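Please open the structure in your viewer and keep the selection panel at hand. The tour goes from one selection to the next and says what is to be found at each stop.

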Amino acid sequence: MNARFPISGDAVPYRLRLPGPTAVPERVLRAMAQPVVAHRGPEFLERFRDIHARLKPILGRAGAAPHLFASTGIGAMESAVVNVAGPGQRVLIANNGQWGPVFRRLAEAIGAEVDEVTTPPGSPVDLEGIERALKAKAYAAVLAVHSESSTGALTDLKALGEIVARTPALLAVDSVSGLGGAEMRQDEWGIDVVVSASQKALMCPPGLALASVSDKAWEVIQRDDRGPRSYFDYRRFRPNSEKGEPTYTAPVAMLNALHEALTMIGEEGLDATLARHKRLSSALAAGATALGFSVFPKATPSPTLVVLLTPEGIDAGALIERLATGYNTIVAATRFEDLKHRMVRIGTMGAVGDGDILTDLHHLASAVRDLGGRPDEAAGLAAAAEVLAG
Ligand SMILES: *Cc1c(COP(=O)(O)O)cnc(C)c1O
């Protein structure tokens, strides 16, 4: 493997096309290079509060501001688990991919009793199964994934929220690869905890996470009947977030990056940003299908990535390697052992435009051709162009 870092003068620039981390726009990189100021000083607090204000419409949250902290996405998932559940408490996991099992590991680590409603990878979450399980037993929480980046499936959170809202259980959602690219209506859909991270649709480097907590969840979290927790204890965050102040030393450079990224979303307009994600993911899926790939998820596809199976006879590992070495284009493999020769995952989240999608298709076609396939590149580009124009 011989993928290079961006070197000016490369014939083909380095193209980070993973479903996270995603390409960071120049503007966001420059924002990170600003002087590091006091994180409780007036200049920074003003920016911090603006981040809160800009995040709320993206979350669909009118009430309390989200908590922002240094962590990756899994840390944010852990923060949700330790605040909504405790040792001996029962949690229900909606599992249709690889992130449900991560929730399971985190819940088991604190001694929670875990039940799962499982559907095969790429299928939608089994909503009826969740409803049945919630009728059969009392759960402290339901844990679900918004955009299953292992399969490309998008969860119907509106429907799931409706089911969970009828019970005392809290609904905690991993929207690490959703927020900012897939619609989120936390208040309206009744989602009690939304967690996300910086390196996906929010187009920042990895290292910053957030958790947005509903009023229903606050009531429970305040009861103090969970297990031991400290860094991730939302009770520590709450008074600070209410005042518009950071908890712990704020990761100033990362927050400057997030502020700039949120400003970009504001300039485009949230509705336009979400529409762009749908348009680009549909265009890439249509173009790849015309090249001989097939779209993996049977569920509603997530707008933030496209998960493909390779054309017959094309090995996914060889294709991914060829894209990296021949075209400086970095896409993702799978951890599903039985799909590793067929599955390719490409991000459509964050700072991605029409030209990126057409370039992806051009490189996919070239790499397939290099490996002995006979893709109809013109058909692929035409299919994508039609969706892009739509
Ligand atoms: C990328 C991703 C994560 C990432 O977790 P990290 O700790 O930041 O690696 C978690 N959940 C989902 C659904 C993701 O797509």
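**First stop: the largest pocket**

Begin by selecting L154, K278, T300, P301 and P303, which, among the 25 residues that line the largest pocket of this predicted model, lie nearest its centre. The volume of the largest pocket comes to about 480 Å³.

Next, colour helix 6 (157–165), helix 11 (270–290) and strand 12 (305–309), each of which supplies at least two residues of the lining of the largest pocket. Of the elements that contribute here, helix 11 gives the most to this lining, with five residues.

If you now colour the lining of the largest pocket by residue class, you should find 13 nonpolar residues, eight polar ones and four charged ones. Colouring by domain instead shows that domain 1 (26–266) and domain 2 (269–389) each provide at least three residues of the lining of the largest pocket.

**Second stop: the second largest pocket**

Move on to the second largest pocket, which holds about 370 Å³ of space. To centre the view on this pocket, select W99, S149, K200, R335 and R345, the closest to its centre of the 23 residues that line the second largest pocket.

Then add helix 3 (residues 73–84), from which the largest share of the lining of the second largest pocket comes, namely three residues. By residue class, the lining of the second largest pocket divides into nine nonpolar, ten polar and four charged residues. Here, too, a view coloured by domain is useful, since the lining of the second largest pocket draws at least three residues from domain 1 (26–266) and at least three from domain 2 (269–389).

**Third stop: the ligand**

Now display the ligand together with the residues around it. Which of the 13 residues around the ligand come nearest? They are T72, S149, D174, Q199 and K200, and two of these names, S149 and K200, will be familiar from the selection made at the centre of the second largest pocket.

With side chains shown, follow the polar contacts one by one, starting at S149, where an N or O atom of the side chain is 2.5 Å from an oxygen atom of the ligand. At T72, an N or O atom in the side chain lies 2.6 Å from a ligand oxygen atom, and at S177 the distance between a side-chain N or O atom and an oxygen atom of the ligand is 3.1 Å. Finally, switch to a surface view of the ligand: on its own the ligand has 390 Å² of accessible area, and the protein covers 87% of that area.

Technical notes. Residues numbered from 1 in each chain as written. Predicted model: local features only at pLDDT ≥ 70, side-chain atom pairs only at ≥ 80, totals over all residues. Heavy atoms only, no water. 1 Å grid on protein atoms, 1.4 Å probe; cavity = no way out; pocket = protein on both sides within 12 Å on 5 of 7 lines; lining within 4 Å. Points joined across faces, edges and corners; volume = space filled by probe spheres on them. Helix = DSSP H or I, 4+ residues; strand = E, 2+ residues; numbered from the N terminus. Nonpolar A, V, L, I, M, F, W, Y, C, P; charged D, E, K, R; others polar. Domains from an automatic or database assignment. Near = heavy atom within 4 Å. Polar contact = N/O pair within 3.5 Å; in protein donor to acceptor, adjacent residues only side chain to side chain. Areas by Shrake-Rupley, 256 points an atom, 1.4 Å probe, with all protein chains shown as cover.
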